[in-house]
Amino acid sequence: MFGIPTRGLIVIGVLGAAGVMWVTNGGKPMGSEKAAAECRVAVTADILNVRTGPADTQPIVSTMQRDSVVKAERRVENGFRLLADGRWVNNDFVAPTSDSDCG
């Protein structure tokens, strides 16, 4: 067909489709917005207590060091942020990472 081998047409078609997808997604790899939508926080205190519930009266189950990064939920209750593993930290001593969305 038009003197171009079938294999060449397939390669051109696949590259063209990939280019259209790249441009449509604003020049970012497909699926990259999923990672950015995740909430991750970094510890800003020297040592941060991790608790079983959203209050200072709840038992401390572990601690985290400054600059530790952990997955978190968007939920903040009574000044405490829920971590992805179901534990809680004081929201005053964590900050969302620049590449996350903690709403």
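The side chains of Arg74 and Asp101 meet in a salt bridge, with 3.4 Å from N to O. A salt bridge here is a side-chain nitrogen of Lys or Arg within 4 Å of a carboxyl oxygen of Asp or Glu. Arg74 lies in strand 4 and Asp101 in the segment after strand 7, so this pair ties together parts that are 27 residues apart in sequence. Helices (H or I, at least four residues) and strands (E, at least two) are DSSP runs, numbered from the N terminus.

Before we go on, a word about the model. It is a predicted one, in which local features need pLDDT of at least 70 and side-chain atom pairs count only at pLDDT 80 or more, while totals for chains, interfaces and linings use all residues. Residues are numbered from 1 along each chain as its sequence is written, and side-chain values use heavy atoms, with hydrogens and water left out.

**Salt bridges**

How many salt bridges does a search of the whole structure find? The search finds six. Three of them, including the opening pair, are listed here.

| Pair | Closest N to O |
|---|---|
| Arg74 and Asp101 | 3.4 Å |
| Lys71 and Glu38 | 3.7 Å |
| Asp46 and Arg66 | 3.0 Å |

Let's see where the other two pairs sit. Lys71 belongs to strand 4 (residues 69–77), and Glu38 to the loop between helix 2 (32–36) and strand 1 (40–43), so their salt bridge ties together parts that are 33 residues apart in sequence. The Asp46 and Arg66 salt bridge also links distant parts of the chain: Asp46 is in the loop between strand 1 and strand 2 (47–51), Arg66 is in the loop between strand 3 (60–65) and strand 4, and the two are 20 residues apart.

Are these side chains buried or exposed? Buried means under 20% relative accessible area, exposed over 50%, and partly exposed in between (1.4 Å probe, protein chains only). Asp46 counts as exposed, at 55%, while its partner Arg66 is partly exposed, at 41%. Lys71 is partly exposed at 47%, and Glu38 is partly exposed at 33%. In the opening pair, Arg74 is partly exposed with 45%, and Asp101 is partly exposed with 35%.

**The disulfide**

The structure holds one disulfide, meaning a pair of cysteine sulfur atoms within 2.5 Å. Which residues does the disulfide join? The link runs from Cys39 to Cys102, with 2.0 Å from S to S. With 100° about the S-S bond, this link is right-handed. Cys39 lies in the loop between helix 2 and strand 1 and Cys102 in the segment after strand 7, so the disulfide ties together parts that are 63 residues apart in sequence.

Both ends are tucked away from the surface by the cut-off above: Cys39 is buried, with a relative accessible area of 4%, and Cys102 is buried, with 7%.

**Around Cys102 and Thr97**

Contact means heavy atoms within 4.5 Å. Leaving aside neighbours within four places in sequence, Cys102 is in contact with Cys39, Arg40, Val41, Arg74, Arg81 and Pro96. The C-alpha atoms of Cys102 and Glu38 are separated by 7.3 Å, although these residues are 64 residues apart along the chain.

Thr97 is found in the segment after strand 7 (94–96). Thr97 is buried, with a relative accessible area of 14%. With neighbours within four places in sequence left aside, Thr97 is in contact with Arg40, Val41, Ala42 and Val69.
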